[in-house]
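Me: I would like to understand where some of the words used for a protein model come from. Could we take them one at a time?

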Amino acid sequence: MKKVVTIFTVLAMIINITACGPKTEQRFESSFLELFDTVTTIVGYAPDEKTFTDYSQLIYNRLEEYHQLYDIYNDYDGVNNIKTINDNAGIKPVKVNQKIIDLLEFSIQMDQMTNDNVNVAFGAVLSIWHDYRTKGIDDPISAKLPSMNELQGMVKHTDISKVKIDKEASTVYLEDPLMRLDVGAIAKGYATEMTAKYIEEQGFTNGMISVGGNVRTIGTKFDEAGTKPWSVGIQNPDQESAQTTVHILQLEDMSLVTSGVYERYYTVDGKRYHHIIDPETLMPSELFQSVSIVCKDSGMADALSTSIFNMTLEEGKNLIESLEDTEAFWILNDGTYEYSSGFEAYIRK
Amino acid sequence: MKTKKITIFGVLIALAFILSYLESLIPIPVPVPGIKLGLANLVVITGLYVMGEKEAFVLSLIRILLVSFTFGSPSTLLFSFAGGILSCFCMILMKQIGKFSLTGVSIAGGVAHNIGQVFIAILVVNNILMIYYLPFLLISGLITGLVIGMVGALIVGSVKKYHLVSGNNN
Amino acid sequence: MMEPMNIVRVLKHISGSSGCKMLKRNDVIMTGIVLLIALVSLGFFFLNKKEGSAVVITVNGKIYQQIELEQNNTIKIEQENGDYNEVVIQDGYVWMTDADCPDKLCVKHNKIHYNHETIVCLPHKVVVEIIGGEENTVDIIAK
């Protein structure tokens, strides 16, 4: 599965037509398609095009590094990534970049916080679903569901305590030879967060990074009218609808991540099976159409959106209310909306 | 008789070529290349009244293929095909109903031609918004259909009057 | 083979002598119905004509970019196969400034401004479309 590196970059430039008035920075946008199998969009304000292009390039380079390190499907020359760890499960510890160790430690912390609902050691089960889904998308007529036996057989290979991280030696070892790491529920958000922090230190203070809809805002918008928060829409799960968004949030230095049944799915006998697998039932969770999380840390938002998706509304609400500056929004299967106590304050009137 | 028929076919197809070229010079305010006025319908309606239904259909098919390969791109073929065939069927049907004059049949053909093209446009660009061009194209179809119908009536009238086709002197 | 044609005679022949008129009552009714449909839908579109608020660019049916109309902008659409289009947004109006398609019809298209207006580059499957309403002006969509 060689990824075609496509340079699909758009540089959109704002021409300031205001003749007088205070000097403002200009708005620029760029996007590229080759990272994390999705569209990355960067919006930001900079004094000139070159400055913005330089920031974009720094963001791209940093994200590309994360993309290679956190890849579970592809090898890269001279890079030990998560796939390398998986390939050496039960064989030997793999020396890895500190960024992988940081991600895994963060993931373990998230898993504990969410009562084992976002387990990165769940790859053995997820890869079965991944294989069936990929085949089902390629050949919809013979799409099949994995058997419960097959799935249950793999559950015993998902014990996160068998992920051995040696910080001194910078190695990761999976004790169970059949164990597989799958960081899909957390890596994009984590990489976005780390990249946003990095670029902010470099002086990019009014911007936004979206990696496939994992949105992280940096500061505010910045134009003639002064500063104003970023407007971030929440995707309408009903994609047939003319209304693309269900709510628009006003965010400043915050992240918004939505997990929904519409993102990746395949169809078996007319029923859709999406990609968020409930660790209890081993089947796609059927409680909601989508769950959106607003909080500061994009990695946490990513992890929470997946784990809350797998919890009942009540469990989810309890967890969210116990966390500071973290809000959630659920769209139930019947189309009704549920909010955590502080969510509605973010909605643009 | 047979030679005469072939000759008429040839003349009509040649005419269709000229008309297709002519219409490629007339811009219409729709941003979809491939959408055409449908002037070549003149030939089809002439064929329909002078020769018959089967002949009109064959004529329209040959015209579409030849003209698309000569002047157009694959997308032109798609548009001509959708517009041309729908229009041809519609005209045959209207003629069979028997309650409409040649001009009426031609108007129906012109409208059907443009409806067919809009639907192809929706499919090709994968965007339902192309339907917004339909009202304009309905009206433009009415006008072209009317003009073609009147000219067609003249042609068919004189062809019949001067026995260019039938060959029998009654 | 054919006598020199006398248009007047021919016209007379069609409208008079054979007893069939250029247009029958049914023709007029049908024309009226089609005209009515066209005018009613035009009226409907006109009544729904609102100032647009954002531009959506789709390539082959997939959303490529969504940009607010209030911001002046130049968007270059470069596809993997080399297809190229350039869209300009200025003072609330949107138009295509450049394209390497064979017919350049998209470049000749009028500037668009109102809700639902579109510019299409068919050879490149690019649709530039105005969408309206405050509810649509977003910087990005989380999904």
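Reply: A residue is called buried when its relative accessible area is under 20%, exposed when over 50%, and partly exposed in between (1.4 Å probe, protein chains only). Helices (H or I, at least four residues) and strands (E, at least two) are DSSP runs, numbered from the N terminus. This is a predicted model, in which local features need pLDDT of at least 70 and side-chain atom pairs count only at pLDDT 80 or more, while totals for chains, interfaces and linings use all residues. Residues are numbered from 1 along each chain as its sequence is written, chains are lettered from A and ligands numbered from 1 in the order in which they are written, and side-chain values use heavy atoms, without hydrogens and water.

Me: What makes strand S4 of chain C mostly covered?

Reply: S4(C) spans residues 84-90, and 6 of its 7 residues are buried, so it counts as mostly covered.

Me: Why are S3(C) and S4(C) said to pair?

Reply: Two strands pair if DSSP finds at least two bridges between them; S3(C), residues 73-78, and S4(C) have 6 bridges in the antiparallel sense, and therefore they pair. One bridge links Asn73(C) with Ile89(C) in S4(C).

Me: How do you know that S4(C) also pairs with S5(C)?

Reply: S5(C), residues 93-99, runs antiparallel to S4(C) and is joined to it by 6 bridges, so the requirement is met. Asn85(C) has Ala99(C) as its bridge partner in S5(C).

Me: What lies between the strands of each hairpin?

Reply: The hairpin of S3(C) and S4(C) has 5 residues between the strands, and Gly82(C) takes a positive phi near 95° there. Between S4(C) and S5(C) there are 2 residues, and Asp91(C) in the turn has a positive phi of about 50°.
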